[in-house]
Amino acid sequence: MEREKALKLVKEQLTEHRYQHTLGVMETAISLAGRYGADEKKAELAAIFHDYAKFRPKEEMKQIINEQGFPKDLLEYNAELWHAPVGAYLTETEAGITDREILDAIRCHTSGRPGMSILEKVIYLADYIEPGRHFPGVDEVRELAKESLDKALIKSIQNTILFLLKKNQMVYPETFHTYNDLIKNQEA
Ligand code: DGI
Ligand code: FE
Ligand code: FE
(Lines give C-alpha, C1' and ligand atoms only; values in the text may rest on other atoms or scores of the structure.)
(Ligands and ions follow the chains in the order given, each with its own letter.)
Protein backbone atom coordinates (compact mmCIF):
# COMPACT_ATOMS: atom_id res chain seq x y z
CA MET A 1 0.00 0.00 0.00
CA GLU A 2 1.22 3.50 -0.81
CA ARG A 3 2.06 5.88 2.01
CA GLU A 4 -0.61 8.43 1.06
CA LYS A 5 -3.41 5.86 1.10
CA ALA A 6 -2.24 4.40 4.40
CA LEU A 7 -2.03 7.84 6.01
CA LYS A 8 -5.52 8.71 4.81
CA LEU A 9 -6.96 5.51 6.37
CA VAL A 10 -5.19 6.14 9.65
CA LYS A 11 -5.99 9.86 9.88
CA GLU A 12 -9.71 9.02 10.03
CA GLN A 13 -9.07 6.89 13.14
CA LEU A 14 -6.96 9.31 15.15
CA THR A 15 -6.97 12.70 16.81
CA GLU A 16 -4.75 15.36 15.22
CA HIS A 17 -2.24 14.96 18.08
CA ARG A 18 -2.07 11.21 17.65
CA TYR A 19 -1.77 11.62 13.87
CA GLN A 20 1.22 13.94 14.31
CA HIS A 21 2.75 11.33 16.65
CA THR A 22 2.20 8.73 13.91
CA LEU A 23 4.03 10.90 11.34
CA GLY A 24 6.93 11.20 13.79
CA VAL A 25 7.02 7.44 14.32
CA MET A 26 6.97 6.93 10.54
CA GLU A 27 9.97 9.19 9.86
CA THR A 28 11.88 7.78 12.83
CA ALA A 29 11.11 4.17 11.90
CA ILE A 30 12.29 4.65 8.30
CA SER A 31 15.51 6.17 9.55
CA LEU A 32 16.12 3.39 12.11
CA ALA A 33 15.27 0.76 9.49
CA GLY A 34 17.92 2.24 7.21
CA ARG A 35 20.48 2.29 10.01
CA TYR A 36 19.82 -1.20 11.36
CA GLY A 37 18.84 -3.09 8.23
CA ALA A 38 15.07 -3.56 8.40
CA ASP A 39 12.84 -3.25 5.32
CA GLU A 40 12.10 0.49 5.09
CA LYS A 41 8.78 0.03 3.31
CA LYS A 42 7.56 -2.39 6.00
CA ALA A 43 8.79 -0.04 8.70
CA GLU A 44 6.85 2.80 7.07
CA LEU A 45 3.59 0.84 6.96
CA ALA A 46 3.94 -0.69 10.43
CA ALA A 47 4.62 2.78 11.86
CA ILE A 48 1.66 4.33 10.06
CA PHE A 49 -0.74 1.69 11.40
CA HIS A 50 0.84 1.07 14.83
CA ASP A 51 -1.75 3.12 16.79
CA TYR A 52 -4.66 2.46 14.40
CA ALA A 53 -6.83 1.03 17.22
CA LYS A 54 -5.87 3.59 19.88
CA PHE A 55 -9.34 5.14 20.10
CA ARG A 56 -11.57 2.09 19.68
CA PRO A 57 -14.12 1.58 22.46
CA LYS A 58 -12.84 -0.70 25.22
CA GLU A 59 -15.73 -3.09 24.72
CA GLU A 60 -14.83 -3.58 21.05
CA MET A 61 -11.18 -4.17 21.93
CA LYS A 62 -12.13 -6.70 24.62
CA GLN A 63 -14.32 -8.57 22.19
CA ILE A 64 -11.58 -8.75 19.55
CA ILE A 65 -9.02 -9.99 22.11
CA ASN A 66 -11.47 -12.64 23.28
CA GLU A 67 -12.52 -13.79 19.83
CA GLN A 68 -9.30 -13.57 17.83
CA GLY A 69 -7.04 -15.72 19.98
CA PHE A 70 -4.97 -12.98 21.58
CA PRO A 71 -3.74 -13.69 25.14
CA LYS A 72 -6.75 -13.31 27.41
CA ASP A 73 -4.57 -12.25 30.36
CA LEU A 74 -4.16 -8.89 28.57
CA LEU A 75 -7.64 -8.04 29.83
CA GLU A 76 -6.44 -8.22 33.44
CA TYR A 77 -3.81 -5.54 32.78
CA ASN A 78 -3.78 -1.87 31.74
CA ALA A 79 -6.20 -1.21 28.87
CA GLU A 80 -3.41 0.83 27.23
CA LEU A 81 -1.96 -2.51 26.17
CA TRP A 82 -4.98 -3.58 24.16
CA HIS A 83 -4.66 -1.29 21.15
CA ALA A 84 -1.50 -3.09 19.99
CA PRO A 85 -2.93 -6.55 19.22
CA VAL A 86 -6.29 -5.06 18.25
CA GLY A 87 -4.46 -2.67 15.92
CA ALA A 88 -2.75 -5.59 14.20
CA TYR A 89 -6.11 -7.33 13.74
CA LEU A 90 -7.87 -4.24 12.37
CA THR A 91 -4.95 -3.32 10.11
CA GLU A 92 -5.42 -6.72 8.51
CA THR A 93 -9.21 -6.84 8.39
CA GLU A 94 -10.02 -3.17 7.69
CA ALA A 95 -6.95 -1.92 5.83
CA GLY A 96 -6.17 -5.22 4.09
CA ILE A 97 -2.50 -5.38 5.08
CA THR A 98 -1.58 -9.08 5.24
CA ASP A 99 2.19 -8.97 5.69
CA ARG A 100 2.93 -10.98 8.87
CA GLU A 101 6.09 -9.04 9.75
CA ILE A 102 4.22 -5.73 9.63
CA LEU A 103 1.27 -7.08 11.63
CA ASP A 104 3.57 -8.63 14.26
CA ALA A 105 5.40 -5.31 14.68
CA ILE A 106 2.07 -3.58 15.33
CA ARG A 107 0.93 -6.38 17.66
CA CYS A 108 3.94 -6.19 19.97
CA HIS A 109 4.64 -2.44 19.80
CA THR A 110 3.57 -1.73 23.41
CA SER A 111 4.87 -4.71 25.44
CA GLY A 112 7.51 -6.04 23.07
CA ARG A 113 8.09 -9.78 23.08
CA PRO A 114 11.03 -12.16 23.53
CA GLY A 115 12.85 -12.75 20.27
CA MET A 116 11.79 -9.52 18.59
CA SER A 117 12.73 -9.09 14.93
CA ILE A 118 14.74 -6.06 13.80
CA LEU A 119 11.56 -4.57 12.35
CA GLU A 120 9.70 -5.07 15.65
CA LYS A 121 12.53 -3.41 17.58
CA VAL A 122 12.58 -0.51 15.11
CA ILE A 123 8.85 0.15 15.57
CA TYR A 124 9.00 -0.19 19.36
CA LEU A 125 11.89 2.25 19.57
CA ALA A 126 10.54 4.71 16.98
CA ASP A 127 7.33 4.89 19.02
CA TYR A 128 9.38 5.77 22.09
CA ILE A 129 11.81 8.33 20.60
CA GLU A 130 9.90 10.08 17.79
CA PRO A 131 10.51 13.86 17.90
CA GLY A 132 7.13 14.61 19.52
CA ARG A 133 7.99 12.64 22.68
CA HIS A 134 9.13 14.73 25.62
CA PHE A 135 9.26 12.52 28.72
CA PRO A 136 12.23 12.23 31.12
CA GLY A 137 14.99 10.01 29.78
CA VAL A 138 13.96 10.16 26.14
CA ASP A 139 17.09 12.05 25.05
CA GLU A 140 19.31 9.38 26.57
CA VAL A 141 17.44 6.73 24.59
CA ARG A 142 17.75 8.89 21.42
CA GLU A 143 21.52 8.94 21.91
CA LEU A 144 21.69 5.19 22.52
CA ALA A 145 19.61 4.60 19.37
CA LYS A 146 22.48 6.03 17.32
CA GLU A 147 24.85 3.26 18.44
CA SER A 148 22.77 0.21 19.42
CA LEU A 149 19.20 -0.83 18.81
CA ASP A 150 19.28 -3.26 21.75
CA LYS A 151 20.86 -0.83 24.21
CA ALA A 152 18.27 1.80 23.36
CA LEU A 153 15.48 -0.75 23.67
CA ILE A 154 16.70 -1.96 27.06
CA LYS A 155 16.84 1.59 28.39
CA SER A 156 13.38 2.42 27.09
CA ILE A 157 11.89 -0.70 28.71
CA GLN A 158 13.67 0.07 31.99
CA ASN A 159 12.20 3.58 31.87
CA THR A 160 8.72 2.25 31.12
CA ILE A 161 8.85 -0.29 33.96
CA LEU A 162 10.09 2.37 36.42
CA PHE A 163 7.36 4.75 35.21
CA LEU A 164 4.68 2.13 35.86
CA LEU A 165 6.13 1.22 39.27
CA LYS A 166 6.18 4.87 40.34
CA LYS A 167 2.53 5.21 39.36
CA ASN A 168 1.70 2.11 41.40
CA GLN A 169 0.54 0.35 38.23
CA MET A 170 0.81 -3.29 37.24
CA VAL A 171 3.40 -4.34 34.69
CA TYR A 172 2.32 -6.83 32.05
CA PRO A 173 4.59 -9.92 32.37
CA GLU A 174 5.42 -9.86 28.64
CA THR A 175 7.18 -6.53 29.24
CA PHE A 176 9.47 -8.25 31.79
CA HIS A 177 9.96 -11.21 29.44
CA THR A 178 11.03 -8.83 26.68
CA TYR A 179 13.42 -7.07 29.02
CA ASN A 180 14.94 -10.34 30.31
CA ASP A 181 15.38 -11.64 26.77
CA LEU A 182 17.26 -8.50 25.68
CA ILE A 183 19.49 -8.54 28.78
CA LYS A 184 20.26 -12.24 28.30
CA ASN A 185 21.29 -11.70 24.70
CA GLN A 186 23.16 -8.42 25.00
CA GLU A 187 26.82 -8.49 24.01
CA ALA A 188 29.12 -8.47 27.01
O1 DGI B 1 0.31 4.21 22.13
P2 DGI B 1 1.44 5.10 22.54
O3 DGI B 1 1.06 6.08 23.64
O4 DGI B 1 2.08 5.79 21.39
O5 DGI B 1 2.59 4.20 23.19
P6 DGI B 1 2.48 2.65 23.66
O7 DGI B 1 1.75 1.85 22.68
O8 DGI B 1 3.89 2.23 23.96
O9 DGI B 1 1.62 2.72 25.01
C10 DGI B 1 2.27 3.14 26.16
C11 DGI B 1 1.31 3.11 27.31
O12 DGI B 1 1.07 1.78 27.78
C13 DGI B 1 1.93 3.87 28.46
O14 DGI B 1 0.95 4.77 28.95
C15 DGI B 1 2.22 2.82 29.48
C16 DGI B 1 1.16 1.79 29.18
N17 DGI B 1 1.40 0.46 29.76
C18 DGI B 1 0.63 -0.07 30.69
N19 DGI B 1 1.07 -1.25 31.12
C20 DGI B 1 2.17 -1.50 30.44
C21 DGI B 1 2.38 -0.42 29.57
N22 DGI B 1 3.42 -0.38 28.74
C23 DGI B 1 4.26 -1.43 28.77
N24 DGI B 1 5.32 -1.44 27.95
N25 DGI B 1 4.11 -2.51 29.61
C26 DGI B 1 3.09 -2.59 30.46
O27 DGI B 1 2.99 -3.57 31.20
FE1 FE C 1 0.69 2.53 20.90
FE1 FE D 1 2.42 5.22 19.39
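**Notes on a predicted model with two iron ions**

1. Let us start with the lining of the largest pocket, which by class has 12 nonpolar, nine polar and eight charged residues. Please keep in mind that this is a predicted model. The volume of the largest pocket comes to about 840 Å³. Its lining is made up of 29 residues, and those nearest the centre are Thr110, Tyr128, Thr160, Phe163 and Leu164. Two elements, α7 and α9, give two or more residues each to this lining, and α9 gives the most, with six.

2. A good residue to look at next is Asn159, which sits in helix α9 (residues 149-166). Its relative accessible area is 18%, so Asn159 is buried, the cut-off being under 20%. The side chain of Asn159 makes a polar contact of 3.1 Å with the side chain of Tyr128. Beyond neighbours within four places in sequence, Asn159 touches Tyr128, Pro136, Gly137 and Val141.

3. The second largest pocket has a volume of about 220 Å³. Of the 17 residues that line it, Pro71, Arg107, Ser111, Tyr172 and Glu174 lie nearest the centre. Here α5 and α10 (173-185) are the elements giving two or more residues, with α10 giving the most, three residues. Nine of the lining residues are nonpolar, four are polar and four are charged.

4. Now for the metals. Which protein residues are donors of the iron ion (ligand 3)? They are His21 (NE2), His50 (NE2), Asp51 (OD) and Asp127 (OD), which lie 2.2 Å from the ion. Along the chain, these donors follow the spacing H-x28-H-D-x75-D. Within this group, His50 is buried at 0% relative accessibility, and Asp51 is buried at 1%.

5. The iron ion (ligand 2) is coordinated by Asp51 (OD), His83 (NE2) and His109 (NE2) at 2.1 to 2.2 Å, and the spacing of its donors is D-x31-H-x25-H. Because His83 lies in helix α5 (residues 83-93) and His109 in the loop between α6 (100-107) and α7 (118-129), the pair ties together parts that are 26 residues apart in sequence. Both histidines are buried: His83 has 4% relative accessibility, and His109 has a relative accessible area of 2%.

6. What links the two sites? Asp51 bridges the iron ion (ligand 3) and the iron ion (ligand 2), and these ions are 3.5 Å apart. If you open the structure at one residue, Asp51 is a friendly place to begin, since from there you can follow the donors of ligand 3 and those of ligand 2.

Key. Residues are numbered from 1 along each chain as its sequence is written. Chains are lettered from A and ligands numbered from 1 in the order in which they are written. This is a predicted model: local features need pLDDT of at least 70, side-chain atom pairs count only at pLDDT 80 or more; totals for chains, interfaces and linings use all residues. Side-chain values use heavy atoms; hydrogens and water are left out. Donors are N, O and S atoms within 2.8 Å of the metal (3.2 Å for Na, K and Ca); water is not among the atoms, so sites may look incomplete. Buried means under 20% relative accessible area, exposed over 50%, partly exposed in between (1.4 Å probe, protein chains only). Helices (H or I, at least four residues) and strands (E, at least two) are DSSP runs, numbered from the N terminus. A polar contact is a pair of N or O atoms within 3.5 Å; within protein, one must be able to donate a hydrogen and the other to accept it, and residues adjacent in sequence count only if both atoms are side-chain atoms. Contact means heavy atoms within 4.5 Å. On a 1 Å grid over the protein atoms alone, a cavity is a set of points where a 1.4 Å probe fits but cannot get out, and a pocket is an open set with protein on both sides within 12 Å along at least five of seven lines; lining residues have an atom within 4 Å of a point. Grid points are joined across faces, edges and corners, and a volume is the space filled by probe spheres set on the points. Ala, Val, Leu, Ile, Met, Phe, Trp, Tyr, Cys and Pro count as nonpolar, Asp, Glu, Lys and Arg as charged, and the others, Gly among them, as polar.
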